[in-house]
Amino acid sequence: EEIVKIALDGPAGAGKSTVAKEVAKKLQMTYVDSGAMYRCVTFLAIKNHVAMQDEPGLFKLAKAMQLMFIPSEHGQGVQLDGVDVTDAIRTPEVGALVPLVANHALVRECLVEKQREIAHTAYHVVMDGRDIGTHVLPDATVKVYLTATLDVRAKRRHEELVRQGFTGTVSDVMKLLHERDEIDGRREIAPMRPASDAVILDTSCLAIHEVTAMVVSLCQARM
Ligand code: C5P
């Protein structure tokens with residue numbers, strides 16, 4: 001049996017984490033949420049008053065943090081230095097600042113090293129992010145790039161945020177997603193991009209279970 005590593009990339013709100021969790025459950029894989037790692041550094045920077053431009057300061061936080069993925073009611077949560085930060089890292093404030101943190105070479109190198117180590121240690125792995133297929137796991141067995149129109153992505157993300165008490169509009173969310181995609185797509189180091197050998201799936205008109213089924217069948221062909 002071949003060990004399968006899935007790289008699942010794409011812009012914010014394309015459904016990556018939902019699909020990754022379902023695929024992980026179906027195929028008994030370890031789910032690695034690489035975005036959560038960038039979010040944790042951002043969360044720590046806000047908490048410790050480290051500026052988003054302070055590359056060495058951010059690097060120190062990234063290097064020292066103890067991050068663990070833990071089981072939760074939604075499939076998987078995040079524990080940072082012993083504290084459950086699953087919800088705390090998903091606020092609009094963290095969301096707005098995280099691409100600035102993710103822009104720094106030192107931060108990326110540190111987190112990519114941690115990501116590769118987890119992928120290497122675990123058995124079957126599905127990792128979602130922006131640069132997994134192009135940079136973190138260039139030899140991944142299956143590479144999928146999920147997209148959807150900005151409109152659809154904003155609506156999906158808005159529904160999610162409203163459930164957590166967010167009171168803004170869909171167009172507020174659209175603006176936030178658009179700004180984040182711009183920075184993630186334009187940065188110099190490992191920008192968000194489909195790998196040349198990735199399967200590109202536009203999920204605008206697909207239900208989550210349909211996308212999951214497609215990714216599962218891509219994997220099963222290799223297992
Ligand atoms: O996936 P999620 O929306 O949680 O990612 C949050 C942010 O983390 C992204 O907008 C991006 O700035 C950064 N990120 C990254 N590379 C990854 C995963 C996330 O730069 N592999």
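**Exercise 1. V136 and its contacts**

Find the residues in contact with V136, leaving aside its neighbours within four places in sequence, and decide whether V136 is buried or exposed.

*Solution.*
- Start with the partners: beyond four places in sequence, V136 is in contact with V112, Q115, R116, M127, G129 and D131. Two residues are in contact if their C-beta atoms, placed from the backbone, lie within 7 Å.
- Before going on, note that this is a predicted model, where local features need pLDDT of at least 70, side-chain atom pairs count only at pLDDT 80 or more, and totals for chains, interfaces and linings use all residues. Residues are numbered from 1 along each chain as its sequence is written.
- Now place V136: it sits in helix α6, residues 132–136. Helices are DSSP runs of H or I with at least four residues, strands are E runs with at least two, and both are numbered from the N terminus.
- Then count neighbours: V136 is buried because 24 other C-beta atoms lie within 10 Å. The cut-offs are 20 or more other C-beta atoms within 10 Å for buried, 12 or fewer for exposed, and partly exposed in between, with C-beta atoms placed from the backbone.
- For a sense of distance, take D84, which is 52 residues from V136 along the chain; their C-alpha atoms are separated by 26 Å.

**Exercise 2. The nonpolar cores**

Work out which helix gives the most to the largest nonpolar core, and which residues I6 contacts beyond four places in sequence.

*Solution.*
- A nonpolar core is a set of buried Ala, Val, Leu, Ile, Met, Phe, Trp, Tyr and Cys residues joined through C-beta atoms within 7 Å.
- The largest such core has 53 residues, and the members touching the most others are I6, L8, C40, V41, V126, M127 and V144.
- Helix α2, residues 34–47, contributes the most, with 8 residues.
- Look at I6 itself: outside its sequence neighbours within four places, I6 is in contact with V23, V125, V126, A140, T141, V142, V144 and C219.
- There is also a second, separate core of 6 residues, with A154, L161, L176 and L177 among them.
- As background, nonpolar side chains in soluble globular proteins tend to be buried together.

**Exercise 3. The annotated binding site**

Take A12 and K16 from the UniProt "binding site" feature and compare where each lies, A12 and K16.

*Solution.*
- The unreviewed UniProt entry puts this feature at G10, P11, A12, G13, A14, G15, K16, S17 and T18. UniProt positions follow the numbering used here, feature names are shortened, and annotations may be inferred rather than shown by experiment.
- A12 lies in the loop between β1 (5–9) and α1 (16–27), whereas K16 is in helix α1.
- A12 counts as buried, since it has 24 C-beta neighbours inside 10 Å. K16 is buried too, with 27 other C-beta atoms within 10 Å.
- Beyond four places in sequence, A12 touches R153, R157, L177, R180 and D181, while K16 touches L8, G10, D128 and L146.
- Follow the contact with L146 back: this residue is in strand β7, residues 142–147, and its partners include G10, A14, G15 and K16. L146 is buried, with 27 other C-beta atoms within 10 Å.

**Exercise 4. The ligand shell**

Identify the helix that gives the most residues to the shell around the ligand, and sort the shell by class.

*Solution.*
- The ligand is surrounded by 14 residues, of which G35, Y38, P99, A102 and G129 are the closest. A residue is near a molecule if its C-beta atom, placed from the backbone, lies within 6 Å of it.
- Helices α2, α4 (92–101) and α8 (170–186) each supply at least two shell residues; α2 gives the most, with 4.
- By class, the shell has 6 nonpolar, 3 polar and 5 charged residues. Ala, Val, Leu, Ile, Met, Phe, Trp, Tyr, Cys and Pro count as nonpolar, Asp, Glu, Lys and Arg as charged, and the others, Gly among them, as polar.

**Exercise 5. Positive phi**

Compare D81 and A190 by location and exposure.

*Solution.*
- Most residues other than glycine have a negative phi.
- D81, though not a glycine, has a positive phi of about 45 degrees. A190 likewise has a positive phi, near 45 degrees.
- D81 lies in the loop between β4 (77–80) and β5 (83–84); A190 is in the loop between α8 and β8 (199–202).
- With 12 C-beta neighbours inside 10 Å, D81 counts as exposed. A190 is partly exposed, with 19 other C-beta atoms within 10 Å.
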